[in-house]
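Biologist: I am new to this one, so could you walk me through it step by step? A few questions and some friendly answers would help me a lot.

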Amino acid sequence: MERIEKQMEFILEIDKEKQIKRKTLQSNGKDFEDDAQHAWHMAIMTLLLNEYANEEIDALKTISMLLIHDLVEIDAGDTYAYDSQGLKTQSTREAKAANRIFNLLPEDQAKKMFDLWNEFEERKTAEAKFARVLDNFQPVMLNAATDGRMWVENGVHLEQILKRNEKTHEGSEVLWKYMYEHFIMPNVEKKRIKR
């Protein structure tokens, strides 16, 4: 019973992910998405878009990474992609959170969570590279769908978006090109993203 009790504790704890609001509007342009919605959306996107990965990927492994990568934000909070101050402490805050949250699980499952989370963070495998593509693609897509409102409100510059996406092409040349041509540059032209 001890094993299942640990699993249940973890499962209840991660329900808190639904309370972590992101700085990305849903496509309705009114409601901010939460971390759980973000993870769900990318999991579906992996099923549909994995054919555009630069290399063949294990879709289930990629989905697993995407479903767990933001669980650390239960403790660490969401760090906005263009918050230069928050980004300075993000890795430390998230590592501490991973240690607490994943260690609620039985040891073997905690290790699997740590391994997936670290693989995502290190961005070395084909699965991690593609997961990172979607982690960047999804909010850019939603920003474009909401007339760039959060880019405008936060004074986001093209240089910031390009810096954040400097490795996106490593996971998917096709999705990077699509994002650049359909989401980013049209919003630069409409002055929703600053030059």
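Biologist: How far apart are the end C-alpha atoms of α6?

Modeller: Keep in mind that this is a predicted model. Helix α6 has 16 residues, and at 1.5 Å a residue they should span 22 Å. The expected span agrees with the model, where the end C-alpha atoms of α6 are separated by 22 Å.

Biologist: Which residue follows α6, with a positive phi?

Modeller: Helix α6 covers residues 107–122. Just after α6 comes a residue whose phi is positive, near 55 degrees, and that residue is R123.

Biologist: Which helices do the buried residues of α6 pack against?

Modeller: Let's begin with the residues themselves: A110, M113, F114, L116, W117, E119 and F120 are the buried ones in α6. Their packing partners are helices from other parts of the chain, namely α1 (2–14), α3, α5 (84–102) and α7 (126–145).

Biologist: Is α3 roughly parallel or roughly perpendicular to α6?

Modeller: Helix α3 spans residues 59–68, and its axis lies 9 Å from that of α6, at an angle of about 90 degrees. Angles of 65 to 115 degrees count as roughly perpendicular. That makes the arrangement of α3 to α6 roughly perpendicular.

Biologist: How many residues of the contact of α3 with α6 are nonpolar?

Modeller: On the α3 side, the contact is made by K61, S64, M65, L66 and I68, and on the α6 side by M113, L116, W117, E119 and F120. Sorting these residues gives 2 charged, 1 polar and, for the nonpolar ones, 7.

Biologist: Which residues in other parts of the sequence is T62 in contact with?

Modeller: T62 is found in helix α3. With a relative accessible area of 0%, T62 is buried. If we leave aside neighbours within four places in sequence, the contacts of T62 are T46, I57, E127, F130 and A131.

Biologist: How many residues apart in sequence are the parts that the pair of F102 and W117 ties together?

Modeller: The model has 6 aromatic pairs. In one of them, F102 and W117 sit edge-to-face, 6.3 Å centre to centre with 70 degrees between the planes. F102 belongs to helix α5 and W117 to helix α6, so the separation in sequence of the parts they tie together is 15 residues.

Biologist: Are F102 and W117 buried or exposed, and which cluster do they belong to?

Modeller: F102 has 0% relative accessibility, so F102 counts as buried. W117, at 7%, counts as buried too. Ring pairs link these two with one further ring, giving the cluster of F102, F114 and W117.

Biologist: Is the pair of Y178 and F183 stacked or edge-to-face?

Modeller: Y178 counts as partly exposed at 39% relative accessibility, whereas F183 counts as buried at 11%. Their ring centres are 5.6 Å apart and their planes are at 80 degrees, so the pair is edge-to-face.

Biologist: How far apart in space are K23 and N143, C-alpha to C-alpha?

Modeller: K23 has its place in strand β1, residues 21–25. In sequence, 120 residues separate K23 from N143, while in space their C-alpha to C-alpha distance is 9.9 Å.

Biologist: Which residues is K23 in contact with, beyond its neighbours within four places in sequence?

Modeller: K23 counts as partly exposed, at 41% relative accessibility. Setting aside those neighbours in sequence, the contacts of K23 are F32, D78, Y80 and M150.

Conventions. Residues numbered from 1 in each chain as written. Predicted model: local features only at pLDDT ≥ 70, side-chain atom pairs only at ≥ 80, totals over all residues. Heavy atoms only, no water. Axes fitted to C-alpha atoms, helices over the stretch in contact; angles between N-to-C directions. Helix = DSSP H or I, 4+ residues; strand = E, 2+ residues; numbered from the N terminus. Parallel < 35°, antiparallel > 145°, perpendicular 65-115°, else oblique. Contact = heavy atoms within 4.5 Å. Nonpolar A, V, L, I, M, F, W, Y, C, P; charged D, E, K, R; others polar. Expected span 1.5 Å × (residues − 1). Buried < 20%, exposed > 50% of the residue type's maximum accessible area, 1.4 Å probe, protein only. Phe/Tyr/Trp six-rings, centres within 6.5 Å; stacked < 30°, edge-to-face > 60°.
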